[in-house]
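Subject: Structure for your review: salt bridges

Dear colleague,

Please find the structure below, handed over for your examination. My notes on its charged side-chain pairs come after it.

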Amino acid sequence: MRLLKGNFIYSIDKNEIEIKENQYLLVKDGKVEGFYNEVPSIAKDVKVEDYKDNIIIPGLSDLHVHAPQYAFRGMGMDMQLLDWLNTYAFKEEGKYKNLEYAKKQYSKFVDDVKNSATTRLSIFATLHKDATIMLMDLLENAGVKAYVGKVNMDRNSPEFLSEDTIESKEDTIEWLEQIKDRYKNIKPILTPRFIPSCTDKLMDEIQNINKKYKLPIQSHLSENTSEIDWVADLHPDTNNYAEAYDKYNLFGKENKTIMAHCVHCPDDELNLIKQNNVTVAHCPQSNANLTSGIAPIKKMLDMGIDVGLGSDIAAGSSLSIFRAMSDAVQVSKLREAMTGEKNQILTLSEVFYLGTKGGGKFFGNVGSFEKGYEFDAIVLNDESFGDNSDFTLKERLERIIYLSDDRNIVAKYVAGNKVI
């Protein structure tokens with residue numbers, strides 16, 4: 001058991017933030033047991049971890065990040081998606097065939113993740129099986145929890161970063177067999193990069209793999225208008241981009257699925273996302289950097305679509321989900337100003353929800369301090385921002401979202417285990 005004392009802030013839902021000031025929180029078997037005004041009798045022999053006036057929030061979830069792109073973050077921010085992929089992303093990912101290079105770059109990525117406020121991630125690796133396993137090993141040792149995907153791609157990419165279809169299938173199966181029962185914290189996720197990079201045959205093979213292994217799925221959807229037009233040419237039998245995944249049964253329903261971006265989804269596509277229980281990874285910084293647009297997140301939330309946040313390294317230049325929260329607010333204001341649509345602006349409670357309970361939902365009962373939730377938590381010291389004596393805890397939370405980085409982290413817990 002653990003017994004923590006401090007100021008706890010967490011989401012009940014997208015509209016309600018719960019605050020427990022100067023209380024005790026009991027954690028049993030890695031899960032939240034409950035709050036108390038004083039030390040409960042069941043924990044009278046447990047040492048109190050007293051964080052005094054610090055603020056304790058649930059760990060943050062990053063639903064979309066490309067680990068091999070971490071080395072060149074901040075590059076090509078004046079480009080659009082397809083040019084950026086060909087100029088930077090594909091060239092960098094091709095280097096991960098070299099395991100020495102992969103270890104150097106992945107070690108830096110994992111170290112920075114460990115020291116960040118992020119406790120859960122859904123990660124794209126590369127198509128290289130051995131480097132993907134190396135990344136999973138490093139993440140396991142870091143103590144965070146994550147889904148990691150060996151990328152599949154057999155067309156419309158450079159020769160040095162393109163698989164033969166059968167090779168892609170066989171490498172994916174071999175990868176899954178090699179990591180079976182290997183990890184406590186890290187799990188595999190099927191990762192067709194996006195429709196333009198996967199032939200119909202490869203999508204069929206991924207569907208067959210999923211029938212056997214029953215894994216979650218991650219990919220990209222409706223990020224950029226030129227990409228959407230490309231998918232329409234490749235799949236003229238579909239009405240929208242989402243149907244190009246759905247026809248292979250790789251779009252939600254019984255398969256937990258994350259689709260990143262969803263910037264330009266028509267109503268029929270949004271309805272299919274909702275109907276199939278697909279989770280949207282909102283990546284506001286990336287969508288601004290690559291001139292993709294501003295996703296209608298308020299509309300999605302009002303429809304009851306599950307939404308979380310993604311850093312989308314390296315189209316997003318910051319690993320911080322705090323940054324993603326503040327960016328989400330800012331771009332939602334721009335969406336309302338530019339389109340004239342009403343009710344587009346995201347609130348503090350909504351973006352806090354997206355970064356915690358909204359994204360955490362993909363991993364189970366994660367992202368809140370409600371009873372039975374896995375205890376992922378970040379302890380934050382906000383004294384460096386200046387005097388906070390006149391601020392409420394909710395006002396201090398808002399300042400944390402806009403100003404925090406890893407220097408403010410006092411402690412970090414994942415599923416009840418203290419990581420830092």
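The following paragraphs describe the salt bridges found in this structure, which is a predicted model.

A search of the whole structure gives 26 salt bridges. Three pairs and one network are described here.

The pair Arg120 and Glu374 has its closest N and O atoms 3.1 Å apart. This salt bridge links distant parts of the chain, with the two positions 254 residues apart in numbering. Arg120 belongs to strand β6 (residues 118–124), whereas Glu374 lies in the loop between α12 (348–360) and β15 (377–380). Both Arg120 and Glu374 are buried.

A salt bridge also joins Glu174 to Lys129, at an N to O distance of 3.5 Å. Here, too, distant parts of the chain are linked: Glu174 is in helix α4 (residues 165–179) and Lys129 in helix α3 (residues 129–142), 45 residues apart. Lys129 has a relative accessibility of 11% and therefore counts as buried, being under the 20% limit. Glu174 is partly exposed, because its relative accessibility is 38%, a value between the 20% and 50% limits.

Arg335 pairs with Glu341 in a further salt bridge, in which the closest N and O atoms are 3.3 Å apart. Arg335, at 16% relative accessibility, counts as buried. Glu341 has a relative accessible area of 33% and so is partly exposed.

Finally, a network of salt bridges links Asp53, Asp382 and Arg396.

Yours sincerely

Note on methods:
Residues numbered from 1 in each chain as written. Predicted model: local features only at pLDDT ≥ 70, side-chain atom pairs only at ≥ 80, totals over all residues. Heavy atoms only, no water. Salt bridge = Lys/Arg side-chain N within 4 Å of Asp/Glu carboxyl O. Helix = DSSP H or I, 4+ residues; strand = E, 2+ residues; numbered from the N terminus. Buried < 20%, exposed > 50% of the residue type's maximum accessible area, 1.4 Å probe, protein only.
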